[in-house]
Amino acid sequence: MSSDYETWVKIGMSITALLGGAALAMKSLMKKKSSKREVTTQREFQKTHTRIHEVLTELRLKHDSARTNIMQFHNGGILTSGESMKRFSSTHESVALGVPSIMHHQQDMLLSRYPEVLQLSARDDSTVILVSEMEESNLKRYYEYNHILAFSLIPLKDEMNGLIIGYLTSEWCRWEKIDDINEAIIEDEIVLARRLISVMMAKK
């Protein structure tokens, strides 16, 4: 009887050890798979945003502009009424040599302070706008403060529902560059850049 009991105890211990080993092996395998997925995700993220920056740089060079920029709309904070505060931020920027980056100044900006941004985006028109000819507004003062003389702005839309999620802009800071602007080329190139960027953003 004692011998049978010891045998069953040994069998039970062996099964427990086997199951424990299998569990550890499975846990290790799942950890490796999770780590591999994270690495793949990081690589895809880096690849996508590097390509977006390349498209911005290509657009800036073709426009011979000082800066190209992607601004995206988002929520940020809740008012006491429960209404969400609408904001917009720069997510990508390409600047010419000697032109200062203003990306760090374009974070969590209140849309209610710059309603003209929504109006310009809704127009879906890439016409070059001279800042000096704009009506007085916070947006005009913001452009003047950053020495932007002219810009072209076109909306970015969600590929699924067509909603405007932000905008793509090209900015000029020198009059001699503005004098050489070809409106047809500006429109063709910025529309092409938008198409490429929209496809890449949809894959994120």
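Which residue does Arg141 meet in a salt bridge? I looked this up at the outset and found Glu136, with N and O 3.7 Å apart. I record here that the model is a predicted one.

**Entry 1: the pair at Arg141**

I checked the surroundings of both partners. Arg141 is partly exposed, with a relative accessible area of 43%. Glu136 has a relative accessibility of 58% and counts as exposed, because the cut-off for that class is over 50%.

**Entry 2: other salt bridges**

I then asked how many salt bridges the count comes to. The count is twelve. I looked at Glu93, which forms a salt bridge with Arg67; their closest N and O atoms are 3.6 Å apart. Glu93 belongs to strand β2 (residues 84-95) and Arg67 to strand β1, so this pair ties together parts that lie 26 residues apart in sequence. Are these two residues buried or exposed? Glu93 is buried, at 10% relative accessible area, and Arg67 is buried as well, at 1%.

I turned next to Glu176 and Arg174, whose side chains meet in a salt bridge with an N to O distance of 2.7 Å. Glu176 is partly exposed at 41% relative accessibility, and Arg174 is partly exposed at 46%. I also noted a network in which salt bridges with shared partners join Arg51, Glu54 and Glu58.

**Entry 3: the sheet**

I followed the strands across the sheet. Six of them form an open sheet, in the order β3-β2-β1-β6-β5-β4, with antiparallel pairing. Which strands stand at the edges? They are β3 (109-110) and β4 (129-130); each has a single partner strand, so one side of each has no neighbour in the sheet.

I examined the pairing of β1 with β2 in detail. Ten bridges join these antiparallel strands. Arg67, already noted for its salt bridge with Glu93, stands opposite Val95 in β2. The two strands make a hairpin with five residues between them, and Gly82 in the turn has a positive phi of about 95 degrees.

On the way to the edge, β2 is joined to β3 by two bridges, and this pair too runs antiparallel. I found that Arg87 has Leu110 of β3 as its bridge partner. I also checked how enclosed β2 is: nine of its twelve residues are buried, so the rest of the structure largely encloses this strand.

**Entry 4: helices against the sheet**

I looked at helix α5 (residues 183-202) and found that it lies across β1, β5 and β6 (164-172). The helix runs at about 35 degrees to β5.

I then took up helix α2. Which of its residues are buried? They are Val117, Leu120 and Ser121. Viewed down the axis of α2, the buried residues fall within an arc of 100 degrees, so they line one face of the helix. The face turned away from this buried side carries Gln119 and Ala122, both exposed. I traced what the buried residues of α2 pack against and listed β1, β2, β4, α3, β5 and β6. Just after the helix, Asp124 takes a positive phi of about 50 degrees.

**Entry 5: the nonpolar cores**

Last, I looked up the nonpolar cores. How many residues does the largest one have? It has 19 residues, and those with the most contacts inside it are Phe88, Val117, Tyr143 and Phe151. At least two residues of this core come from each of β1 (67-78), α2 (116-123), α3 (138-145) and β5 (150-157). Helix α3 gives the most, with three residues. I noted that Val117 appears both here and among the buried residues of α2.

I found a second core, separate from the largest, with 13 residues. Its members include Ile52, Leu59, Ile154 and Ile197.

Key: Residues numbered from 1 in each chain as written. Predicted model: local features only at pLDDT ≥ 70, side-chain atom pairs only at ≥ 80, totals over all residues. Heavy atoms only, no water. Core = buried A, V, L, I, M, F, W, Y, C linked by side-chain atoms within 4.5 Å. Buried < 20%, exposed > 50% of the residue type's maximum accessible area, 1.4 Å probe, protein only. Helix = DSSP H or I, 4+ residues; strand = E, 2+ residues; numbered from the N terminus. Salt bridge = Lys/Arg side-chain N within 4 Å of Asp/Glu carboxyl O. Pairing = 2+ DSSP bridges. Contact = heavy atoms within 4.5 Å. Axes fitted to C-alpha atoms, helices over the stretch in contact; angles between N-to-C directions. Arc of directions from axis to C-beta.
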